[in-house]
Amino acid sequence: MEAKTFKPHAKLKTKLFITLTLIALAILISCALMFGLIALDRTARGSGLLIAFLVCAGLDALWYIPGMVLVVPYANSLKYEIHEDEVIVNAGVFTKSVKHVPFRTITNISVKRGVLDRMLGLGTLQIQTAGASDSSGRPEASLIGLENVKEMYELVAKALRRFRSGMTPTSADSDQEIPAGGQETLAALLEEVRAIREQMSK
């Protein structure tokens, strides 16, 4: 099977912009409510509340503005590769990461579509593995921003089935017959063990 490479859809950037904006607004609204409750206390000074709110808004902007700037390069850095025996996820702006998920470790694949995903026609393919996914509860790899997420699901599932059908059992997995001479040896060893146990129990 020839390796296939995919990129997330351009609408992923829109989703990330909206998500960051909603989080920033939620923080500002929380600050406004908190300072509004403080303002109910008659001893609180209006100028002090305004300064506190502006500080909160400034701290909010400290992560919001860099986050908005990094959305486009982050979305552009994402690349997914489907190989014959593994899935590879490339990501990162400053620190590049390459995550290999071998088919032999995959236990489950699923499609996740949140509210924004459904509005924008996107989805996420989540890949669970026997190790890391079970201990943390999070998927080993997430292929986010896919417009054709169901097609990607079918592609990975088909590649996974092809990989597993091509696997041959190892000698350790297969049932091996014990030669006749070996059975006699095992019977003799069993008798010795019984004799030793009887001597120890006396």
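Start by selecting C31 and C56 in this predicted model: both C31 and C56 are buried. Now show their sulfur atoms. A disulfide joins the two cysteines, with an S to S distance of 1.9 Å, and the structure holds one such bond. As a reminder, a disulfide is a covalent bond between the sulfur atoms of two cysteines.

Next, colour the two helices that carry this bond. C31 sits in helix α1, residues 11-39, while C56 belongs to helix α2, residues 46-77, so the disulfide ties together parts that are 25 residues apart in sequence.

Stay with helix α2 residues 46-77 and select W63 and Y64. How are the two rings arranged? Their centres are 6.1 Å apart and their planes stand at 85 degrees, so W63 and Y64 form an edge-to-face pair. A search of the whole structure gives two aromatic pairs. Switch on a surface here if you like: W63 is partly exposed, at 30% relative accessible area, and Y64 is partly exposed too, at 21%.

Now move on to the largest nonpolar core, which has 25 residues. Good ones to pick are L125, I127, L143 and M152, the members that touch the most others. To see where the core comes from, display β2 (79-82), β3 (86-91), β5 (106-112), β6 (123-129), β7 (141-146) and α5 (149-166), each of which supplies at least two residues. The largest share, seven residues, comes from α5.

Finally, centre the view on L125 and bring up its surroundings. Leaving aside residues up to four places away in sequence, its contacts include I109, V111, L143, L146, M152, Y153 and V156. Also among them are S110 and S142.

Note on methods
Residues are numbered from 1 along each chain as its sequence is written. This is a predicted model: local features need pLDDT of at least 70, side-chain atom pairs count only at pLDDT 80 or more; totals for chains, interfaces and linings use all residues. Side-chain values use heavy atoms; hydrogens and water are left out. Rings of Phe, Tyr and Trp (its six-membered ring) pair if their centres lie within 6.5 Å; planes under 30 degrees apart count as stacked, over 60 as edge-to-face and the rest as tilted. Buried means under 20% relative accessible area, exposed over 50%, partly exposed in between (1.4 Å probe, protein chains only). A disulfide is a pair of cysteine sulfur atoms within 2.5 Å. Helices (H or I, at least four residues) and strands (E, at least two) are DSSP runs, numbered from the N terminus. A nonpolar core is a set of buried Ala, Val, Leu, Ile, Met, Phe, Trp, Tyr and Cys residues joined through side-chain atoms within 4.5 Å. Contact means heavy atoms within 4.5 Å.
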